[in-house]
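Visitor: I would like to learn how to read a structure like this one, feature by feature. Could you start with the terms and then show me each case?

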Amino acid sequence: MNCKNCNTPLTEESRFCNQCGGKVVTQVLTYRYLASEFSERFFNLDNLIIRTFRHLFTKPEEVIDGFINGVRKRHLGIGSYLALAITISGLQLFIIQKFFKHLMDASWMTQDNNPVAQDPSFLDSIWEYQSIMYIVFIPIYAIIAKTTFWNYKKYNYLEHIVIVSYTQAQMSLTLFLPYLIGLSFGINFFKLNYVFILVMMIYSAHCYKRLYQISLKKIIVKTLFFLLILFVALIIWSIVFWAYLLASGTVDLQEMIEAEKAKKAVSYITSFSKNWTS
């Protein structure tokens, strides 16, 4: 017979094609066979997904350095793992918007005249492009990580992208259920972020400590330095973001100033009335 994938001639003893590596399947398709294939692919402890997920906690340097150095069969490649994480994040977002949308209220974080608080569609547009933002922030984090470890020459910028991609994907998969459990207890989505951002920081520090083989003291210093750079980057991003809103007419600066003045006037009159009544 010939290989059904690449049509290369096979011998009767062949279990895999010598040309493309495809498995030789001679069994008739049955429900039992499908169940066996599914179980073997997704629930086997030697499965690439489970092995990659497990090793990214126990020995992340083996997964990440392995991929960087050309090992492709032992763990899931970064492209496939990142695609899986984005798919799971999309599923998570669908579930949240379908069943827990009332817990995605961000108005408590903002002032009354903030466009985020006034226009619910503003946040909806952000969630709509969540997958794109997920990809865009990876090279940004990689730049910050490269800057943080400026005195270590072990990894170049492209390799930092691989590191950040693996760590971000790992956290997306890990926090899928904790987010849903927290929301099931009525906890606001953005309040959950405060806890889970700390978890992400600790995990990223753990990975970089193992990758660079540095002491706990050094990784704490590097983490604080990373946060400082990230804080400065967020300030710059906020300035650019608000400049864009003002330039595009999404936000009227004069209207915001007048609203703030009106709010202060109402507050003053209310206080004066209470004092007079007393």
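Guide: Gladly. Let us begin with accessibility: a residue is called buried under 20% relative accessible area, exposed over 50%, and partly exposed in between. Arg 210 is partly exposed, because its relative accessible area is 31%. Please keep in mind that this is a predicted model.

Visitor: What is the overall make-up of the chain, in helices and strands?

Guide: The chain has 12 helices and zero strands. Buried residues account for 32% of its 278 residues. The chain exposes about 18,400 Å², and carbon and sulfur atoms supply 65% of that area. As for contacts between residues at least 6 apart in sequence, 62% join residues at least 24 apart.

Visitor: How do I read one helix? Which residues of helix 2 are buried?

Guide: The general idea comes first. An α-helix has 3.6 residues a turn, so residues three or four places apart point the same way. In helix 2, residues 48-58, the buried ones are Arg 51, Thr 52, His 55 and Leu 56. They lie on the same side of helix 2, because they cover an arc of only 130° around the axis.

Visitor: What covers the buried residues of helix 2?

Guide: The cover includes helix 3 (60-68), helix 4 (78-99), helix 8 (157-174) and helix 10 (189-212). Leu 56 makes a good close-up: leaving aside neighbours within four places in sequence, Leu 56 is in contact with Val 63, Ile 64, Tyr 81, Tyr 166, Gln 170, Tyr 203 and Cys 207.

Visitor: Which residues touch the most other members of the largest nonpolar core?

Guide: Leu 56 appears again here. This core has 31 residues, and those touching the most other members are Leu 56, Ile 64, Tyr 81, Phe 149, Tyr 166, Tyr 208 and Tyr 212. Helix 3, helix 4, helix 7, helix 8 and helix 10 each give two or more residues to the core. Helix 8 gives the most, with seven residues. Apart from this core lies another, of 15 residues, among them Leu 93, Phe 100, Tyr 179 and Leu 183.

Visitor: Let me try a polar residue. Is Gln 92 buried or exposed?

Guide: Gln 92 counts as buried, because its relative accessibility is 12%. Gln 92 has its place in helix 4. Beyond its neighbours within four places in sequence, Gln 92 is in contact with Leu 175, Phe 176, Tyr 179 and Leu 180.

Visitor: And the charged pairs? How many salt bridges does a search of the whole structure find?

Guide: It finds three. The cut-off matters for reading them: a side-chain nitrogen of Lys or Arg must be within 4 Å of a carboxyl oxygen of Asp or Glu. Lys 59 pairs with Glu 62, with the closest N and O atoms 3.6 Å apart. Lys 59 is partly exposed at 29% relative accessible area, and Glu 62 is partly exposed at 27%.

Visitor: What do the other salt bridges tie together?

Guide: Glu 61 and Arg 210 meet at 2.9 Å, N to O. Glu 61 lies in helix 3 and Arg 210 in helix 10, so this pair ties together parts that are 149 residues apart in sequence. Lys 154 and Asp 65 meet at 4.0 Å, N to O. Lys 154 lies in the loop between helix 7 (130-148) and helix 8, and Asp 65 in helix 3, so this pair ties together parts 89 residues apart in sequence. Lys 154 is partly exposed, with a relative accessible area of 42%, whereas Asp 65 is buried at 17%.

Notes:
Residues are numbered from 1 along each chain as its sequence is written. This is a predicted model: local features need pLDDT of at least 70, side-chain atom pairs count only at pLDDT 80 or more; totals for chains, interfaces and linings use all residues. Side-chain values use heavy atoms; hydrogens and water are left out. Buried means under 20% relative accessible area, exposed over 50%, partly exposed in between (1.4 Å probe, protein chains only). Helices (H or I, at least four residues) and strands (E, at least two) are DSSP runs, numbered from the N terminus. The arc is that of the directions from the helix axis to the C-beta atoms. Contact means heavy atoms within 4.5 Å. A nonpolar core is a set of buried Ala, Val, Leu, Ile, Met, Phe, Trp, Tyr and Cys residues joined through side-chain atoms within 4.5 Å. Accessible areas come from the Shrake-Rupley method with a 1.4 Å probe; for residues, only the protein chains shown count as cover.
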